[in-house]
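User: I'd like to learn how to read burial, salt bridges and a nonpolar core in a model. Could you walk me through them?

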Amino acid sequence: MHRNRLTNNMSVYICLVIIILVSIAVDDVEARRGRARGRTKSRMQIGLPITGKYRDPESDQYYNNNNGAKITLASHFDYEYVLGHKIAFLCVARGTPRPTITWFKDGVEIFSHLYLHVHEWYIGKDKVKSKIEIDPATQMDAGVYECTADNMYSIDRRSFKTDFSIAFD
């Protein structure tokens with residue numbers, strides 16, 4: 001009799017553990033499914049509070065400063081290039097003082113070299129236009145490029161994903 005009660009208690013315990021594990025797995029799948037939805041521009045996705053206000057006034061003033069760096073024009077997000085041809089990305093930003101534009105590839109700052117050139121133009125007293133050109137493009141040029149504009153008031157950034165295609169004549 002004591003052995004049957006112990007076996008029944010053990011069965012109940014095992015069932016509870018299985019139910020808990022299944023519910024955790026279902027929650028995990030639903031959470032992943034929710035993040036995988038289309039590209040939206042909701043405030044939640046970009047990490048801003050729902051209200052658009054920040055907890056402390058200093059953060060609110062920093063991120064919502066009218067003089068802060070803002071990217072006003074940028075290249076398309078997803079770009080497919082042909083091997084051996086030119087790749088060009090454009091980034092225009094404004095702010096007071098004039099922002100500085102920095103380029104990154106796969107998270108690492110990039111500089112001009114033999115096949116990659118960075119051009120920059122000042123427009124008025126508060127705008128800057130920057131363009132990178134890679135010519136000729138190789139397989140190694142595929143990746144995620146990022147344009148970052150910053151001044152003493154804020155930072156703004158845009159990312160561009162690139163991949164290559166092979167042209168058959």
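**Reading exposure, salt bridges and the core**

Analyst: Happy to! Arg 157 has a relative accessible area of 47%, so this residue counts as partly exposed. Keep in mind that this is a predicted model.

User: Which residue forms a salt bridge with Arg 157?

Analyst: That is Glu 146, with the closest N and O atoms 3.9 Å apart. The pair joins distant parts of the chain, since Glu 146 sits in strand β8 and Arg 157 in strand β9, 11 residues apart. Glu 146 is partly exposed because its relative accessible area is 21%, and buried would need under 20%.

User: How many salt bridges are there in the whole structure?

Analyst: A search finds 5. One of them pairs Lys 131 with Glu 133, at 3.1 Å between the closest N and O atoms. These two residues also belong to a salt-bridge network with Lys 86.

User: Is Glu 133 buried or exposed?

Analyst: Glu 133 is buried, because its relative accessibility is 15%. Lys 131, at 25%, is partly exposed.

User: And what should I look for in a nonpolar core?

Analyst: The general idea is that nonpolar side chains tend to be buried together in soluble globular proteins. Here the largest nonpolar core has 19 residues, and Phe 89, Ile 101, Trp 103, Tyr 145 and Cys 147 have the most contacts inside it. Strands β3, β4, β7 and β8 each give two or more residues to this core, and β3 gives the most, with 4.

User: What does Ile 101 touch?

Analyst: Leaving aside residues up to four places away in sequence, the contacts of Ile 101 include Cys 91, Val 128 and Cys 147.

How values were computed: Residues are numbered from 1 along each chain as its sequence is written. This is a predicted model: local features need pLDDT of at least 70, side-chain atom pairs count only at pLDDT 80 or more; totals for chains, interfaces and linings use all residues. Side-chain values use heavy atoms; hydrogens and water are left out. A nonpolar core is a set of buried Ala, Val, Leu, Ile, Met, Phe, Trp, Tyr and Cys residues joined through side-chain atoms within 4.5 Å. Buried means under 20% relative accessible area, exposed over 50%, partly exposed in between (1.4 Å probe, protein chains only). Contact means heavy atoms within 4.5 Å. A salt bridge is a side-chain nitrogen of Lys or Arg within 4 Å of a carboxyl oxygen of Asp or Glu.
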